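I am opening a fresh page for this chain and will write down what I looked up, going from the whole to single residues.

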Amino acid sequence: MRSSSFQVQLRVVLVVFAACFAFTVARGQNPTHVITGTVEKVDAGAKTVAVKTADGAVETVKFTEKTTVHGLKDGAKGADLVGKEGGHVIVHTTGEGAEKTAHSVEWFGDKTVHTTEGTVEDVGKGTKTVAVKTADGTKEAFEVSEHATVDTGKAVGHYSAIGAKKGEHVTVYYTEEAGKKIAHFFKHL
C-alpha cells in the first residue's frame, strides 16, 4: 500500500516539475524586447505599428486588445495609436521578427526621448532617483517614472522589481519635464 502511495506522490511531483520546466522554457523562447523611436505608421486593420528607430531602421510590431498604452488617455490600447504618427514611443514587445507583439507602449508625443550613457553613481534610498556619471565626469540626476523598465541583457522587467545598482554601466532613456529628467528605460551595456 505504501509503495502505491509513494508512486502517486512521485508522479505528482514529476508533473509539477515538468509544468514548471515547460513554463520556464516557453518564457525563455519569448523574451521581452524594447524598441524606442518614432511612430511611422499605424495600421488598425492589420493591428500593427511601425516604429522608426534612431538608426533609421523601421520595426513593425503587432498589437492586440491587451496591448496597453501609457501616456495617452486612461485605459488606452494599441488601436488608440491611430493618427499618432510622428510621436515618440518606447515599445515593449515579445516574440521575434514578424511575430513581435507589443504588450505595452509608453507614448511621449512630441517630447523627445533623450539618452545618456554612464555608470550608476547613486540610487536614492526610499525614493525613485538615480544618479549617473557620464564619461566626461558629469553627474546627471534622474527621477524614475512609474512605468520605467530595465533591460539587463538577460531579462527585461519593471524598475520596481529590478532597479539599478551602483557601478552598473547603463544607457538611460529619459524625457525632460518641468526642468526634471524623467528616466523611462535603463539598458545595461
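**Surface and overall make-up**

I began with the surface of this predicted model, and found that the chain exposes about 11200 Å², of which carbon and sulfur atoms supply 55%. I then looked up burial, and of the 189 residues of the chain, 35% count as buried.

For the secondary structure I noted 2 helices and 11 strands. Reading from the N terminus on, I wrote the order of the elements down as α-β-β-β-β-β-β-β-β-β-α-β-β. I also looked at how contacts span the sequence: among those between residues at least 6 apart, 49% join residues at least 24 apart.

**Confidence**

I checked how far the predictor trusts its own model, and the chain averages a pLDDT of 83, with 84% of the residues scoring at least 70. Over residues 12-30, however, the pLDDT is below 50, and this stretch has 2 contacts in the model beyond near neighbours in sequence. I keep that stretch in mind as one with low confidence values.

**The largest pocket**

Next I turned to open space in the model. Rolling a probe the size of a water molecule over the atoms shows where empty space is left. The largest pocket has a volume of about 380 Å³, and I counted on the record of its lining for the rest of this entry.

Which residues lie nearest the centre of the largest pocket? They are Ile35, Thr36, Gly37, Thr53 and Tyr173, out of 20 residues that line the pocket. The elements that give two or more residues to this lining are strand S1 (32-43), strand S4 (88-94) and strand S11 (180-188), and the largest share, 6 residues, comes from S1. By residue type, I noted that the lining divides into 7 nonpolar, 8 polar and 5 charged residues.

**Two residues with positive phi**

I looked for residues other than glycine with a positive phi and wrote down two entries. Lysine 47 has a phi of about 55°, and its place is in the loop between S1 and strand S2 (48-52). Alanine 178 has a phi near 50°, and its place is in the loop between strand S10 (169-177) and S11.

Are these residues buried or exposed? Lysine 47 has a relative accessible area of 33%, so I entered it as partly exposed. Alanine 178 has a relative accessible area of 84%, and because this is over 50% I entered it as exposed.

**Two residues of strand S8**

My last entries concern strand S8 (residues 139-151), where threonine 149 is found; histidine 147 is found in strand S8 as well.

Threonine 149 has a relative accessibility of 6%, and since buried means under 20%, threonine 149 counts as buried. Leaving out residues up to four places away in sequence, I listed what threonine 149 touches: His92, Gly157, His158, Tyr159, His184, Phe185 and Phe186.

Histidine 147, with a relative accessible area of 28%, is partly exposed. With residues up to four places away again left out, histidine 147 touches His70, Glu106 and His184. I also looked up the spacing to one of these partners: the C-alpha atoms of histidine 147 and histidine 184 are separated by 6.8 Å, although the two residues are 37 residues apart along the chain. His184 thus stands in my notes as a contact of threonine 149 and also of histidine 147.

How values were computed: Residues numbered from 1 in each chain as written. Predicted model: local features only at pLDDT ≥ 70, side-chain atom pairs only at ≥ 80, totals over all residues. Heavy atoms only, no water. 1 Å grid on protein atoms, 1.4 Å probe; cavity = no way out; pocket = protein on both sides within 12 Å on 5 of 7 lines; lining within 4 Å. Points joined across faces, edges and corners; volume = space filled by probe spheres on them. Helix = DSSP H or I, 4+ residues; strand = E, 2+ residues; numbered from the N terminus. Nonpolar A, V, L, I, M, F, W, Y, C, P; charged D, E, K, R; others polar. pLDDT = per-residue confidence, 0-100. Contact = heavy atoms within 4.5 Å. Buried < 20%, exposed > 50% of the residue type's maximum accessible area, 1.4 Å probe, protein only. Areas by Shrake-Rupley, 256 points an atom, 1.4 Å probe, with all protein chains shown as cover.
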